[in-house]
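The following exercises concern empty space and interfaces in a molecular structure. Each task is followed by a solution in steps.

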Amino acid sequence: MKRMFSAPAFASTEAAEAGSAAAPALSPHVALTREPPRPRRRWVQWLSANPQERVLLWCAAIVFIGVVWQVVAVAFVRSPLFFPSFTDTVAHAWQLYVSGHSIYGDFAQSMYEAGVGFGLSLTGIPLGLLIGLSRRLMIAIEPVNSAMYALPHIALVPLAIIWFGLGVTSKAFIVFISAFFLILINVSAAVATIGRELQDVAATYSASRWRTFITIILPGSVPFIFVALQLAIGRALVGVVAAELFASNKGLGYLLGVFGNNFETADLFVAIATFAAVGAILSVLFGLIGRRFEKWRIAA
Amino acid sequence: MRSTAGRSGVAEEAGPPIAADSEVVALDGVSISYAHRGKPDVEAVRDFSLRVNRGEVMSLVGPSGCGKTSLLRAIAGLRTLTSGRIEIRTAAGQAPFAVVFQQPSLLPWRTAIQNAAYGIECMTKDRKLTRSRAAGALAMVGLAGYENYYPNQLSGGMQQRVNLARALAVQPAVLLLDEPFSSLDAQLRERMQTEFLGVIEETNATALFVTHQVDEAVYLSDRVAVMSSEPGMLRSVLTVDLPKRRDARDRRGGDFMELCDAVAATLARPAGSEDLA
């Protein structure tokens with residue numbers, strides 16, 4: 001019997017019904033082939049063989065951004081007051097950092113404030129580990145921790161100045177508050193989420209609490225600790241800028257205000273770029289240190 | 001020397017020992033229940049008594065949820081008893097037990113040999129002894145040459161071997177195994193079972209092996225304890241009347257099939273037909 005709408009899947013059945021033993025022929029059309037990949041382009045080969053591949057790619061990205069920046073500034077905006085070109089900015093940076101030596105004191109001041117505050121906030125690591133170990137402490141600390149973490153820390157700047165004056169201390173305090181609770185919340189959460197199974201292993205070998213901490217809880221938390229530190233660096237820099245902008249007579253944040261008020265846009269760019277560069281370098285540094293502790297994860 | 005692992009809450013002062021000299025593990029009237037807030041307690045195990053003799057492999061079979069894992073965890077101290085008593089006899093300085101977990105449960109930041117050494121580290125400060133015992137245990141499970149690999153560089157079967165080596169390395173009075181081969185594929189499971197028999201023969205270890213697979217229980221054990229479920233009670237203990245030395249061919253034989261049938265029939269009996277002679 002002839003069917004009007006027969007799906008291809010039924011074709012062989014129909015052939016069998018008709019008494020023909022021929023197998024259905026393969027279509028001459030090739031739908032899919034798999035072959036080894038073609039050799040990669042020479043420059044890709046060179047790059048992936050190069051141990052500094054990562055750094056080279058970074059440099060390439062920076063150069064690319066510089067070129068786009070330059071083109072936009074020179075060809076489209078054409079107003080150094082509004083949007084200084086890349087080369088202008090580099091020239092100003094040279095003047096501020098190399099020929100003029102005028103910005104070093106401010107740079108050091110800001111880094112000192114951020115360093116002191118960030119250094120103190122590292123106490124959040126042991127405290128976070130301790131809190132994470134106790135379910136009850138974890139619950140007790142939750143509302144305070146969430147509130148302090150979510151609070152815009154700039155709101156504390158006037159208070160910091162009343163308490164600690166206009167000097168280094170008030171800025172370090174803001175940095176500390178910005179970074180500390182972020183570290184505390186992340187580290188305690190990391191401890192609390194370490195797998196029950198591994199702690200069972202320790203328990204069945206009668207490992208002491210200290211041994212369980214050293215062999216299981218601490219190594220399990222290390223990756224999260226470094227992620228928290230990377231995030232905290234960003235927050236620490238925000239803290240420094242906010243506190244210095246509000247009230248100070250020295251520091252990169254203070255200079256941001258001065259340059260802005262005087263429409264020294266190229267200098268302003270240099271100050272901004274400095275913060276960006278410090279943040280990037282520290283972040284990469286912590287990332288690299290973190291990787292050293294994670295040989296086992298990268299080993300695959 | 002005798003170490004009582006009485007974990008029934010009050011009974012640390014213990015009483016007269018319940019285990020005879022040849023018995024390594026003695027469970028006496030053990031009950032375990034789970035508390036659920038706002039609901040009546042669920043009784044997982046009721047009045048369970050069992051003896052495991054020295055050098056014996058005892059399997060604990062039962063349907064899923066019959067409380068066999070709860071029992072194993074209670075022996076390992078990971079669960080509390082509601083009533084009853086558990087005793088493990090050890091030689092001087094010997095670890096009473098070591099657990100081979102269902103999942104490999106390896107520390108991902110430690111290499112195979114460091115993982116295998118974990119249990120001994122908890123017992124001794126002797127670095128040399130720790131290393132040699134861990135290396136020996138790894139060799140015993142067929143992982144010589146893989147000492148410095150991290151768990152994520154090893155296959156699932158190899159990870160499970162490290163799990164086994166970690167327990168073997170402490171040379172415990174009794175090995176507690178919680179369905180250790182259940183997550184492996186069928187072919188690998190059979191191979192690991194045969195290797196496990198080899199290890200047991202070599203070390204003359206005592207083992208309590210929890211599984212829900214009848215053929216695995218019969219293949220590996222000297223005796224099979226069959227449990228009923230809800231609540232988990234001991235239904236019967238069957239002796240496996242096969243030569244101690246077995247290999248994969250034995251499990252296709254008629255005797256083996258008959259034993260499996262006997263265990264399966266005991267499992268399938270209606271509730272309330274416990275023979276606690």
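**Exercise 1. Determine how much space lies in the largest cavity, and identify the residues that line it.**

Solution. The model is a predicted one.

Step 1. The largest cavity holds about 50 Å³ of space.

Step 2. The search covers the whole structure and applies a threshold of 30 Å³ or more; one cavity is found.

Step 3. The lining of the largest cavity consists of B:Val141, B:Arg161, B:Leu164, B:Met192, B:Glu195, B:Phe196 and B:Val199.

**Exercise 2. Characterise the interface of chain A and chain B by its contacts, its buried area and its polar interactions.**

Solution.

Step 1. Begin with the residues in contact: chain A contributes 19 residues and chain B contributes 24 residues.

Step 2. Turn to the area. Between chain A and chain B about 1,900 Å² is buried, and carbon and sulfur atoms give 66% of this area. Of the area that chain A buries against chain B, 39% is supplied by A:Thr204, A:Tyr205 and A:Trp296, more than by any other three residues.

Step 3. Count the charged pairs. Two salt bridges are found across the interface of chain A and chain B. A salt bridge joins A:Asp200 to B:Arg73, with the closest N and O atoms 3.1 Å apart; the cut-off for such a pair is 4 Å.

Step 4. Count the polar contacts. Between chain A and chain B there are four residue pairs in polar contact, where both residues have pLDDT 80 or more.

**Exercise 3. Describe how domain 1 and domain 2 of chain A are placed and how they meet.**

Solution.

Step 1. Locate the domains. In chain A, domain 1 covers 52–83 and domain 2 covers 90–296. Their C-alpha centres are 29 Å apart. Seven residues from domain 1 of chain A and five residues from domain 2 of chain A take part in the contact.

Step 2. Assess the area. About 440 Å² is buried between the two domains of chain A, with 72% given by carbon and sulfur atoms. On the side of domain 1 of chain A that touches domain 2, six residues are nonpolar, none is polar and one is charged.

Step 3. Count the specific interactions. Between these domains of chain A there are zero salt bridges, and one residue pair is in polar contact, both residues being at pLDDT 80 or more.

Notes: Residues are numbered from 1 along each chain as its sequence is written. Chains are lettered from A and ligands numbered from 1 in the order in which they are written. This is a predicted model: local features need pLDDT of at least 70, side-chain atom pairs count only at pLDDT 80 or more; totals for chains, interfaces and linings use all residues. Side-chain values use heavy atoms; hydrogens and water are left out. Domain bounds come from an automatic or database domain assignment. Contact means heavy atoms within 4.5 Å. Buried area is the accessible area (1.4 Å probe) that two parts lose on being put together, summed over both. A salt bridge is a side-chain nitrogen of Lys or Arg within 4 Å of a carboxyl oxygen of Asp or Glu. A polar contact is a pair of N or O atoms within 3.5 Å; within protein, one must be able to donate a hydrogen and the other to accept it, and residues adjacent in sequence count only if both atoms are side-chain atoms. Ala, Val, Leu, Ile, Met, Phe, Trp, Tyr, Cys and Pro count as nonpolar, Asp, Glu, Lys and Arg as charged, and the others, Gly among them, as polar. On a 1 Å grid over the protein atoms alone, a cavity is a set of points where a 1.4 Å probe fits but cannot get out, and a pocket is an open set with protein on both sides within 12 Å along at least five of seven lines; lining residues have an atom within 4 Å of a point. Grid points are joined across faces, edges and corners, and a volume is the space filled by probe spheres set on the points.
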